[in-house]
Amino acid sequence: MKINRIDHVGIIVNDLPAAKSFFLDFGLEMMGEMEVEGDWVERIIGLQSVKEEVAMLRTPDGETTIELVKFHTPTDGAGIQHPLANTLGIRHIAFAVEDVEAIVMKLKKKGDELIGEIQDYKNTYKLCYIRGPEGIILELAEQIN
């Protein structure tokens, strides 16, 4: 028995078009979209009356896949949360990037928020956090040669 890799990261969203646009603007590529419902998915995720839309995106190298899911039923009564970076649980997805400043500028023009500042970590990485729609946080890491 062995673990090969992480297959994908799933993100539950309320506004699927906005979340897709955020990741496409960031540079991911669309793999496909589908509607999901039925007994099989209900038995996997432990919810009843499931009806959802799913969009699959990947990095240009095909190594990382993001699954965006919009539940039509059942819905989450708590609504969209905007946790801080130190809130317990999974908080962000980190991407290795080139030209972090250009990416941040591009995303900020679309209305996304730079959390804090772009920082040089020990002259090895430029790092920052950016918040997209619905509180999604990406960490951007540019290796400095």
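## Largest pocket and strand β5 in a predicted model

The largest pocket is lined by 24 residues, and those nearest its centre are I11, I12, V13, E134 and I136. Two elements, β1 (9-12) and β4 (65-73), each give two or more residues to this lining; β1 supplies the largest share, four residues. A pocket is here an open set of points on a 1 Å grid over the protein atoms alone, where a 1.4 Å probe fits, with protein on both sides within 12 Å along at least five of seven lines; lining residues have an atom within 4 Å of a point.

The model is predicted: local features need pLDDT of at least 70 and side-chain atom pairs pLDDT 80 or more, while totals for chains, interfaces and linings use all residues. Numbering runs from 1 along each chain as its sequence is written, and side-chain values use heavy atoms, without hydrogens and water.

The lining divides by residue class as follows.

| Class | Lining residues |
|---|---|
| Nonpolar (Ala, Val, Leu, Ile, Met, Phe, Trp, Tyr, Cys, Pro) | 13 residues |
| Polar (the others, Gly among them) | seven residues |
| Charged (Asp, Glu, Lys, Arg) | four residues |

The protein has three helices and eight strands, taken as DSSP runs (H or I, at least four residues; E, at least two) numbered from the N terminus. In strand β5 (residues 93-96), I93 and F95 point to one face and are buried (under 20% relative accessible area, 1.4 Å probe, protein chains only), whereas A94 and A96 point to the other face and are not buried. Strand β5 pairs in the parallel sense with β8 (residues 137-143) over four bridges, pairing requiring at least two DSSP bridges. Within this pair, A94 stands opposite E139 of β8.

Definitions and conventions: Buried means under 20% relative accessible area, exposed over 50%, partly exposed in between (1.4 Å probe, protein chains only).
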